[in-house]
Amino acid sequence: MPRTQAENERIRQAAKDKIHAAAMTLFIKKGYHATSIDDVAKQAQISKGLLYNYYKGKEELLAAMVQVRIEEVKEVMEAATQLATPHEQLRHIVNGALDNVYQRPDVYRFYLNLQTQPEDDRVLASYREQLNEESRRQFEVQCQIFKQLGVKQPRLRSLYFSSALQGAMLMMTTYPEGFPVEEMKAQIVREYGSPPAESESFD
């Protein structure tokens, strides 16, 4: 019996996920420029011809991976803004960020590395800017959450929050063994997610 459209799409997506995972492993290990399409195909254990069925080349593959990352970030923030209170929204952001790094530290390292590429890298600069632009957009959403929370300087508080969260994410990849993920989540939410009257941190 022929496969349904849904089955075909599931197979197609599984193949793309496999290619993305292989590319990410190699980009982290060897760097983007030192990795070839042949390398990616071998890592993914597929033929180069099959890989070309999905992507015309290495840069198109990278572009797709960056777009997936941007959509993941958007989904977390959009889901957060649908929650009833600023406290719940911030908790959702913290849980989403730290769970993502805990489950996929290689993904975090890959995109952090991409976001810090030199400006004169002609190929990678545009993708770095896409990621950074999305981060700036989501920061503005986050500022509105802190404004709803009632803090005196929502933009500054949002910056502190992001710094604490990004620092925790980096520490998780540096010291993966025994990192107190749940305790860190609770601490960040307690520190930044309470209304001003309930926390001295918001004076």
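## Exercises on a predicted model

The side chains of R69 and E72 make a salt bridge, with 3.7 Å from N to O. The model is predicted.

**Exercise 1.** Where do R69 and E72 lie, and how many residues apart are they? Classify each as buried or partly exposed.

*Solution.*
- Place the pair. Both residues belong to helix α4, three residues apart, about one turn of the helix.
- Check the contact. A salt bridge needs nitrogen and oxygen within 4 Å; this one has 3.7 Å.
- Take R69. Its relative accessibility is 13%, so R69 counts as buried.
- Take E72. Its relative accessibility is 26%, so E72 counts as partly exposed.
- Look at the surroundings. R69 and E72 are among the residues that line the second largest pocket. That pocket has a volume of about 220 Å³.

**Exercise 2.** Which residues are linked with R137 in a network of salt bridges? Describe two of the bridges.

*Solution.*
- List the members. The network links E129, E133, E134, R136 and R137.
- Take R137 and E134. Their salt bridge has 2.4 Å from N to O. The two are three residues apart in helix α7, so about one helical turn separates them.
- Compare burial. E134 is buried at 2% relative accessible area, whereas R137 is partly exposed at 41%.
- Take R136 and E129. Their closest N and O atoms are 2.3 Å apart. R136 is partly exposed at 40%, and E129 is partly exposed at 35%.

**Exercise 3.** What kind of aromatic pair do F161 and Y192 form? Which helices hold the two residues?

*Solution.*
- Start with the search. The whole structure has five aromatic pairs.
- Apply the angle. Planes over 60 degrees apart count as edge-to-face. F161 and Y192 have 75° between the planes and 5.9 Å centre to centre, so the pair is edge-to-face.
- Locate the rings. F161 is in helix α8 (residues 154–174) and Y192 in helix α9 (residues 181–192), so the pair ties together parts 31 residues apart in sequence.
- Add burial. F161 and Y192 are both buried.

**Exercise 4.** Which helix supplies the largest share of the lining of the largest pocket? Give the make-up of the lining by class.

*Solution.*
- Size the pocket. The largest pocket holds about 840 Å³ of space.
- Count the lining. It has 30 residues; R69, V73, S135, Q166 and M169 lie nearest the centre.
- Assign the helix. α7 gives the largest share, eight residues.
- Sort by class. The lining has 15 nonpolar, eleven polar and four charged residues.

Note on methods: Residues numbered from 1 in each chain as written. Predicted model: local features only at pLDDT ≥ 70, side-chain atom pairs only at ≥ 80, totals over all residues. Heavy atoms only, no water. Phe/Tyr/Trp six-rings, centres within 6.5 Å; stacked < 30°, edge-to-face > 60°. Helix = DSSP H or I, 4+ residues; strand = E, 2+ residues; numbered from the N terminus. Buried < 20%, exposed > 50% of the residue type's maximum accessible area, 1.4 Å probe, protein only. 1 Å grid on protein atoms, 1.4 Å probe; cavity = no way out; pocket = protein on both sides within 12 Å on 5 of 7 lines; lining within 4 Å. Points joined across faces, edges and corners; volume = space filled by probe spheres on them. Nonpolar A, V, L, I, M, F, W, Y, C, P; charged D, E, K, R; others polar.
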